[in-house]
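The exercises below are to be worked with the sequence and the coordinates side by side. Each task is followed by a solution that goes step by step.

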Amino acid sequence: MKWEGNRESDNVDDRRNEGGSGFGGGLLGGRSIGIGTVVVALLAGWIFGINPLTILSLLSGGGGSPSAQVQQQAPAQKPPADDRMAAFVSTVLADTEDVWKDVFAKSGGTYQEPRLVLFRGATQTACGQGQAAMGPFYCPGDQRVYIDLGFYETLKNRLGAPGDFAQAYVIAHEVGHHVQNLLGISAKMDQMRERVSTADYNTLSVKLELQADCFAGVWANHAQSARQILEQGDVEEAMNAAAKIGDDALQRSSGGATVPESFTHGTSAQRQRWFDAGLKNGSIQTCDTFSARSL
């Protein structure tokens with residue numbers, strides 16, 4: 001992926017020196033979260049593809065909606081200028097900003113840029129305490145993407161998805177959730193939580209995640225057209241990453257049988273299909289997973 005020398009985003013906060021609290025008690029909506037609850041949420045996230053922050057909220061009695069109550073954070077710090085991985089993340093974020101600003105403007109809208117938080121171990125969010133073991137995630141309550149850069153080692157070594165464009169795909173997917181938030185899609189999902197069964201909500205969650213994959217493809221399409229960022233093998237890296245983090249692949253890698261009714265992010269084939277659809281068409285309209293006859 002051609003990224004060096006391109007613009008870096010100013011919307012990156014570096015909390016890596018604040019020190020994470022590991023698996024100690026945290027806050028979610030002002031409630032204390034114990035070690036056992038966190039472990040349950042993290043295992044569910046890794047094995048079943050369920051958003052750990054959602055599980056923590058439900059188990060704590062928070063109802064599943066993001067809470068605006070968070071612990072006081074130190075003033076935001078910028079990453080060191082000589083931090084290559086932070087520079088990469090900042091550059092990818094800047095590229096998503098440029099693409100989505102243009103896409104929103106052409107539709108008569110205004111894109112509100114998210115912030116991206118680098119952390120180690122654990123950090124407080126408006127959605128509760130984020131843990132590194134959750135992997136990268138987006139919190140609609142504070143419009144921030146959170147990532148412990150150690151996840152990229154997990155992506156490469158544990159999940160078998162190396163490559164810089166695979167790493168960029170991960171960021172673009174989380175930014176895709178931010179786009180959903182701006183479009184009001186996330187709010188509609190939250191409203192449905194109490195109205196449908198768990199199985200039906202899982203189906204909606206799959207559609208939400210696949211749409212974020214498609215939005216990541218839309219970003220790649222526009223970035224390539226504007227800046228020719230792709231190098232040979234990049235698309236294959238992203239497609240491989242999409243396959244490795246499919247619900248079926250994660251459940252198989254955990255040593256158990258696949259349980260389709262528990263899927264919340266989509267199968268490997270579905271994740272590949274929708275990323276590819278966005279990449280080839282470059283249109284938000286292409287990404288209407290909620291109306292699709294088949295995923």
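**Exercise 1.** Is the crossing of H4 and H5 right-handed or left-handed, and which residues of the two helices make the contact?

*Solution.* In this predicted model, begin with the axes: those of helix H4 (residues 151-158) and helix H5 (residues 164-182) come within 11 Å of each other and cross at roughly 125°. Because angles from 65 to 115 degrees count as roughly perpendicular and those over 145 as roughly antiparallel, H4 is oblique to H5. The handedness of the crossing of H4 and H5 is right-handed. On the H4 side the contact is made by Phe151, Tyr152 and Leu155, and on the H5 side by Ala166, Gln167, Val170 and Ile171. Sorting the residues of this contact by character gives 6 nonpolar, 1 polar and no charged.

**Exercise 2.** Which parts of the chain does the salt bridge of Glu97 and Arg7 tie together?

*Solution.* The side chains of Glu97 and Arg7 meet in a salt bridge, with 3.0 Å from N to O. Since Glu97 lies in helix H3 (residues 84-106) and Arg7 in the segment before strand S1 (12-14), the pair ties together parts that are 90 residues apart in sequence. The count of salt bridges in the model comes to 13.

**Exercise 3.** Over which residues is the pLDDT below 50, and how should such coordinates be read?

*Solution.* The protein chain has a mean pLDDT of 83, with 81% of its residues reaching 70 or more. The pLDDT is nevertheless below 50 over residues 21-50, a stretch with 79 contacts in the model beyond near neighbours in sequence. Residues 54-72 also stay under 50, and for them the model has 46 contacts beyond four places in sequence. Where pLDDT is low, the predicted coordinates should not be read in detail.

Methods:
Residues are numbered from 1 along each chain as its sequence is written. This is a predicted model: local features need pLDDT of at least 70, side-chain atom pairs count only at pLDDT 80 or more; totals for chains, interfaces and linings use all residues. Side-chain values use heavy atoms; hydrogens and water are left out. Axes are lines fitted to C-alpha atoms, for helices over the stretch in contact, and angles run from 0 to 180 degrees between N-to-C directions. Helices (H or I, at least four residues) and strands (E, at least two) are DSSP runs, numbered from the N terminus. Angles under 35 degrees count as roughly parallel, over 145 as roughly antiparallel, 65 to 115 as roughly perpendicular and the rest as oblique. A crossing is left-handed if the near helix is turned anticlockwise from the far one by less than a right angle, and right-handed if clockwise. Contact means heavy atoms within 4.5 Å. Ala, Val, Leu, Ile, Met, Phe, Trp, Tyr, Cys and Pro count as nonpolar, Asp, Glu, Lys and Arg as charged, and the others, Gly among them, as polar. pLDDT is the predictor's confidence in each residue, from 0 to 100. A salt bridge is a side-chain nitrogen of Lys or Arg within 4 Å of a carboxyl oxygen of Asp or Glu.
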